[in-house]
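Please walk through the model shown here, starting from one residue and moving outward to the helices, the ligand and the chain as a whole.

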Amino acid sequence: MVTYPIDGIDGDMSFLEMLDVLNNDLISRGEEPVVFDHDCREGICGSCSLQINGEPHGPDRMITTCQLHMRKFNDGDTIVIEPFRAKAFPVIKDLSVDRSAFDRIQQAGGFISVNTSGNTIDANAIPIPKPDADSAFNAAACIGCGACVAACKNASAMLFTSAKVSQYALLPQGRVEATQRVLNMVEQMDKEGFGNCTNTGACEIECPKGISLENIARLNRELLSAQFKG
Ligand code: SF4
Ligand code: FES
């Protein structure tokens, strides 16, 4: 851990802008800047994953680190910033971690097969009950940031994986491969070294996109039914 004093931080600056100020200072002094991940800075991409004062994405709710403002802190505060900690998210450098384990879980089942022989059914022609469409959409809001893993005492990836399973399980297009999908995604999740879920619920509290624990219940139902079929 290194302590850096910083001046000139405005309350309207975002947390990442504060880190930009720090890095500009460090570079102008000929020192190494602090490595941290970021991309969209709009709460969309899920890159900006930092543990701030012990909480993934900091003290606010339903926002990512890039949407956190410095007015949430007091002048003179010491802010403790760490990378997300999980065996399956190895630290690359400073505050940057490798979250490619999530990509591999997604690759294991996050797709559907579509008949492109010329007889493809227009997706809009398939009636879907509104509550199912809404729940699928809510699950699809997961940005793969990893806060659920960082918040979990077991470093479990169940909230993330359940969101990915749910977004397909709720739609007719996703039912075709549903059995294999849940088996493959859960197998990959375990292979990556994530811990087991003990229904603590810290993941749901820290998730910037409001992904609900209901998705974990759905994953468990899907998995049980797939294991019987298998
Ligand atoms: S479930 Fe929430 S916390 Fe977990 S990866 Fe998705 S958006 Fe991030
Ligand atoms: S930088 Fe994309 S969500 Fe924060």
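## From one residue to the whole chain

Leaving aside its neighbours within four places in sequence, Asn-215 is in contact with Ala-139, Ser-162, Ala-163 and Ser-166. This contact, like everything that follows, is read from a predicted model. Asn-215 belongs to helix α9, and it counts as buried because its relative accessibility is 7%, where the cut-off for that class is under 20%. Its side chain also makes a polar contact with the side chain of Arg-218, at 2.9 Å.

Which residues of α9 are buried along with Asn-215? The buried residues of this helix are Asn-215, Ile-216, Arg-218, Leu-219, Glu-222, Leu-223 and Ala-226. They cover an arc of only 155° around the axis, and therefore lie on the same side of α9. The face turned away from that buried side carries the exposed residues Glu-214, Arg-221 and Phe-228. As for the length of the helix, α9 has 16 residues, which should span 22 Å at 1.5 Å a residue, and the 23 Å between its end C-alpha atoms agrees with this. The buried residues of α9 pack against α3 (130–140), α5, α6, α7 and α8 (202–206).

One of these partners, α7, can be read in a similar way. Helix α7 covers residues 178–191, 14 residues in total, and reaches 20 Å from its first C-alpha to its last, close to the 20 Å expected at 1.5 Å a residue. Its buried residues are Ala-178, Arg-181, Val-182, Met-185, Val-186, Gln-188 and Met-189. Because they cover an arc of only 160° around the axis, they are placed on the same side of α7. From there the buried residues of α7 pack against α2 (100–109), α5 (158–169), α6 (172–175) and α9 (214–229), so that the packing between α7 and α9 appears in the account of either helix.

Is Asp-190, also in α7, buried or partly exposed? At 43% relative accessibility, Asp-190 counts as partly exposed, since that class lies between the 20% and 50% cut-offs. Asp-190 and Ser-156 are separated by 34 residues in sequence, while their C-alpha atoms are 9.2 Å apart in space. Just after α7, Gly-193 takes a positive phi of about 95°.

The packing of α7 against α2 can be followed down to a single residue on the α2 side. Ala-108 is found in helix α2, and with a relative accessibility of 17% it counts as buried. Not counting residues up to four places away in sequence, Ala-108 touches Asn-184, Met-185 and Gln-188, of which Met-185 and Gln-188 are listed among the buried residues of α7. In the case of Ala-108 and Ala-125, a separation of 17 residues in sequence goes with a C-alpha to C-alpha distance of 28 Å.

A further buried position lies outside the helices, in the loop between α1 (15–28) and β1 (51–52), where Ser-47 is located. Ser-47 has a relative accessible area of 18% and is therefore buried. Once residues up to four places away in sequence are set aside, Ser-47 touches Asp-37, His-38, Asp-39 and Arg-99.

What surrounds ligand 1? Its shell consists of 13 residues, and those that come nearest are Cys-142, Cys-145, Gly-146, Cys-148 and Cys-207. Helices α4 (147–151) and α5 each supply at least two residues of this shell, and α5 also appears among the elements against which the buried residues of α7 and of α9 pack. By class, the shell around ligand 1 has 11 nonpolar and two polar residues, with no charged residues.

These local views can now be set within the chain as a whole. Its secondary structure comes to nine helices and five strands, and from the N terminus on the elements run α-β-β-β-β-β-α-α-α-α-α-α-α-α. The C-alpha trace spans about 60 × 35 × 30 Å along its principal axes. Of the 230 residues of the chain, 44% count as buried. Among contacts between residues at least 6 apart in sequence, 70% join residues at least 24 apart.

Technical notes
Residues numbered from 1 in each chain as written. Chains lettered and ligands numbered in written order. Predicted model: local features only at pLDDT ≥ 70, side-chain atom pairs only at ≥ 80, totals over all residues. Heavy atoms only, no water. Helix = DSSP H or I, 4+ residues; strand = E, 2+ residues; numbered from the N terminus. Expected span 1.5 Å × (residues − 1). Buried < 20%, exposed > 50% of the residue type's maximum accessible area, 1.4 Å probe, protein only. Arc of directions from axis to C-beta. Contact = heavy atoms within 4.5 Å. Polar contact = N/O pair within 3.5 Å; in protein donor to acceptor, adjacent residues only side chain to side chain. Near = heavy atom within 4 Å. Nonpolar A, V, L, I, M, F, W, Y, C, P; charged D, E, K, R; others polar.
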